[in-house]
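Trainee: I have a structure open here and would like to talk it through. Could you take my questions as they come?
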Amino acid sequence: MIKASAHPTLENFTFKGATDKRFLNGFYRYIRSKVITDLHIFIPPQQFQNTVEDIKKALYLFGIDLGYDLTPRILFLNRLVFAKKADLLKKDSTWKDDYRSVFSQDNFKIYISVDATGSFRTNDSLAHSINHEFIHGISYKEIYISQNNKEWIVTKLGIRRKNRFFILNEAVTELTNIYVINKFWPRFKNTKSLVNFANREISAPNAVFLVNAMFEELVKRSHLSYKDILRKAQVDLLTGSQNTLSLISRFLGKDFIEVLSSSEESKKYDVIFNLNFLVEKSRRLKLVYFEKQLNNYKLSSDVKDILDPTRLL
Ligand SMILES: [Zn+2]
């Protein structure tokens, strides 16, 4: 008799379309060969490599806590590239000046800029970025492989659907980053001393702010706790399910789904565009608490004043 595992194992990729073995082999060959050439790469000192291993162990615990064994995805997180900002800008046309790290959907490597802020970054700042990108790395990844033109495309990544729900996916990833750091990093030798930093540095703060305010509005309307809502969103990240979208649709209205699904790539980080749009929407939808928070943010413009990390735990 086969006993069902208490923690089902989540495979790294979910393939759709032409899933013959030879097409899948082609996919793996391609992502292995796709590199940024001539990039001068840094090898971190052993001590920091130990830290990275502890970051992976913390993510394993995070998965188990949600009910999933993430082993295959964590094994794939060995594709970490450390490089200087100037080299990244020169070799990769999509790299922007203020990028600290990127999870590449071309080859599923993680690029870390070692000097994004001008000088060499501290270990806690690097670890914060690495954990964020690792969370993209352990997210649900659905790949559509087309038989005719031998191409493949990432159709889903976590909560993201191609370019839709970019803000939602980014914010849940960063809220999860802060959550994992505060909850699981204290348990490991090489990560516990880095915890305090997590609450000072927040990636994609505008996206985090908007989604945090939206979760607070959901708490008010749904009788779920903030933690319940975050856990549902985290299951979406790992399994590609749609719990969060269902909650939003049910309690905040279908209009809101439209707002969050905005496919305008250029506007994804444009906080003023998003704020004005959302203030207007929330007024019409009578989302009083959400509107109040948005107006607060316009005044303070620092997510750290609004986001309480203990609320996540
Ligand atoms: Zn991200």
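**Helix packing and the sheet**

Mentor: Let us begin with a helix pair in this predicted model. Helix α2 (residues 46-66) packs on helix α5 (residues 123-138) at an angle of about 40°, and their axes are 10 Å apart.

Trainee: What does that make α2 relative to α5, oblique or roughly parallel?

Mentor: Oblique, because roughly parallel would require an angle under 35 degrees. The crossing of the two helices, α2 and α5, is right-handed.

Trainee: Which residues make the contact?

Mentor: From α2, Phe 48, Thr 51, Val 52, Ile 55 and Leu 59 take part; α5 contributes Asn 123, Ala 127, Ile 130, Asn 131, Phe 134 and Ile 138. In this contact of α2 with α5, eight residues are nonpolar, three are polar and none is charged.

Trainee: Turning to the strands, what is the order in the open sheet of four?

Mentor: The order is β1-β6-β7-β8, and the pairing is mixed. Strands β1 (14-17) and β8 (160-161) each have a single partner strand, so they stand at the edges with one side lacking a neighbour in the sheet.

Trainee: How do β7 and β8 pair, and over how many bridges?

Mentor: Strand β7 (residues 152-157) pairs with β8 in the antiparallel sense, over two bridges. Lys 156 lies opposite Arg 161 of β8.

Trainee: And the whole protein: how many helices and strands?

Mentor: The protein has 14 helices and eight strands. Its radius of gyration is 20 Å, close to the 20 Å given by the globule rule for 313 residues, so the protein is as compact as a globular protein of that length. The C-alpha trace spans about 50 × 50 × 45 Å along its principal axes.

Technical notes:
Residues are numbered from 1 along each chain as its sequence is written. This is a predicted model: local features need pLDDT of at least 70, side-chain atom pairs count only at pLDDT 80 or more; totals for chains, interfaces and linings use all residues. Two strands pair if DSSP finds at least two bridges between them. Axes are lines fitted to C-alpha atoms, for helices over the stretch in contact, and angles run from 0 to 180 degrees between N-to-C directions. A crossing is left-handed if the near helix is turned anticlockwise from the far one by less than a right angle, and right-handed if clockwise. Two residues are in contact if their C-beta atoms, placed from the backbone, lie within 7 Å. Ala, Val, Leu, Ile, Met, Phe, Trp, Tyr, Cys and Pro count as nonpolar, Asp, Glu, Lys and Arg as charged, and the others, Gly among them, as polar. The radius of gyration is taken over C-alpha atoms; the globule rule is 2.2 Å times the number of residues to the power 0.38.
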